[in-house]
Amino acid sequence: MRDTLGIDDVEKLRKINTALIERVERSMDQQGNAFSLFQTAIGLEAQVRQRTDELTSALRRIEQTNRALSAAKEAAEAANISKTRFIAAASHDVLQPLNAAHLSISALADLQTSDQGKKLARQVEQSLDTMNELLRTLLDIAKLDSGVMKPDIVNLPLDALLGSLSSDFQQIAAAKGLHIRFRPTDAIVRSDRGMLRRVLQNIISNAIRYTSRGGVLIGARKRGALLRIDIVDTGMGIAEDQYEAIFEEFHRGTMPAGGDLGGTPGLGLGLSIVQRMVSALGHHITFTSRPGHGTAFHLYVPFGQPDLVRGKTREYAPRLPISNHLFGANVLLIENDRSVMEAMLTLLESWHCSVRIASHSSEAIGLLADPAWRPDIVIADQHLDHGDLGSVTIEHIRYYLRRQLPALIVTADPSAGLEARCKTRDIEVMYKPLKPAEFRALVEHLLAAGRAE
């Protein structure tokens, strides 16, 4: 046997070698794949850990943001509550001394014998009126912005409201040599009576203020499903670049020479509160204007249903007195603010009334123990000492006397709820600060109506 390999043997060895190499390579590839998978798994685990950490951090940030938002919400709610309390306090406490000043200056004016003294009294009274208008408007704006003032939507005859406004503005327009005309209408609208009146009053007041010749026309016409109330003047008009600015607080247009109302500039709040009230009512307002020719405001309000009008329409125009004097009238005055009480006492006594004073319900009932003195009328603040309410106190007095005694609530806190309650109990309501002439007219009316029963 030869030691050398044959060709066939060499070929076999080559094949065997090739097979072994392929096996080794496959084995190495498999190991490499496994290693790659191992490395990939490690990489994915790291990514999962990183994403988990990022998600955890994000959740923590969201929790912190939620806590911050919750704290901010609580702070906002607390601020809103504080604002509401401030508005309520301001409505009562800020206007109380202003009411006392109004009543005192009226009594002081009646005592003046010289022309100079009467002139000074009128100037002070005019300044107090301006201060009252400013404070009331600012308070109304705050109430509207905070949601404290909410409309009481009712069905109301528009003609009665326009008639009341006509009584207010006829003399004012005539004093400026202007014509003012209110077209009659039988339309019934759905709105808040007081807020709608205030909107129209502010627009008409502006129309007169910025008109020096010609006049103002107020009318209404149907426009689709809505009623359009038009207030058209022949005044100075509004420049186009001022269209948006006129609704901003304290914006006042350029006054025409000698064209202002009584020489007193406006406060620049009239149209600002108009816009807020129109928005709160869900109404719509537009205007067109030509500088030098005049302006037309258009207020769109929904129609109401005639058969749903609430009783008789009660407007705020002062009543004309039936009796021309208060001499000898017995007045039970229930007021817990000393300055207002003293001013009211001075005014009533200057009208020759016999006045007795109480600050709360029990004290008022105690005054009735004297059979020789019986009140002809009760005038009460709504918020009295010991938490008593004037409207409830009046009911107690009427029950004690067994008669429907004429009664008047005088308050610095406008409230649709109070008005509704007093209306059902035949109690009149006036808001501070009082205008002495209107106050006297209403007291005389109530006394005359009480004596006629």
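**From a helix to an open sheet**

L59 sits in helix 1, which covers residues 7-111. The model is predicted. With a relative accessible area of 44%, L59 is partly exposed. That label applies because 44% falls between the 20% limit for buried and the 50% limit for exposed. L59 also belongs to a nonpolar surface patch. Its partners there are L55 and I62, and the patch comes to about 280 Å².

Now turn to the sheet. Five strands build it, and it is open. Their order is 2-4-5-7-6, with mixed pairing. Strand 2 (179-182) and strand 6 (284-290) are the edges. Each of these two pairs on one side only. Between neighbouring strands the average turn is 20°, direction ignored.

Start at the strand 2 edge. Strand 2 runs parallel to strand 4, residues 215-223. Four bridges join strand 2 and strand 4. Which residue of strand 4 does R181 stand opposite? R181 faces L217.

Two helices lie across strands of this sheet. Helix 3 spans residues 158-175. Helix 3 lies across strand 2, strand 4 and strand 5 (226-233). Its direction makes an angle of about 170° with strand 2. Helix 4 takes up residues 193-209. The strands that helix 4 lies across are strand 2, strand 4, strand 5, strand 6 and strand 7 (294-302). Against strand 5, helix 4 runs at about 25°.

Key:
Residues are numbered from 1 along each chain as its sequence is written. This is a predicted model: local features need pLDDT of at least 70, side-chain atom pairs count only at pLDDT 80 or more; totals for chains, interfaces and linings use all residues. Side-chain values use heavy atoms; hydrogens and water are left out. Two strands pair if DSSP finds at least two bridges between them. Axes are lines fitted to C-alpha atoms, for helices over the stretch in contact, and angles run from 0 to 180 degrees between N-to-C directions. Contact means heavy atoms within 4.5 Å. Patches are made of residues with over 30% relative accessible area and no salt bridge: like charges are joined within 9 Å, nonpolar side chains (Val, Leu, Ile, Met, Phe, Trp, Tyr) within 5 Å. Accessible areas come from the Shrake-Rupley method with a 1.4 Å probe; for residues, only the protein chains shown count as cover. A salt bridge is a side-chain nitrogen of Lys or Arg within 4 Å of a carboxyl oxygen of Asp or Glu. Buried means under 20% relative accessible area, exposed over 50%, partly exposed in between (1.4 Å probe, protein chains only).
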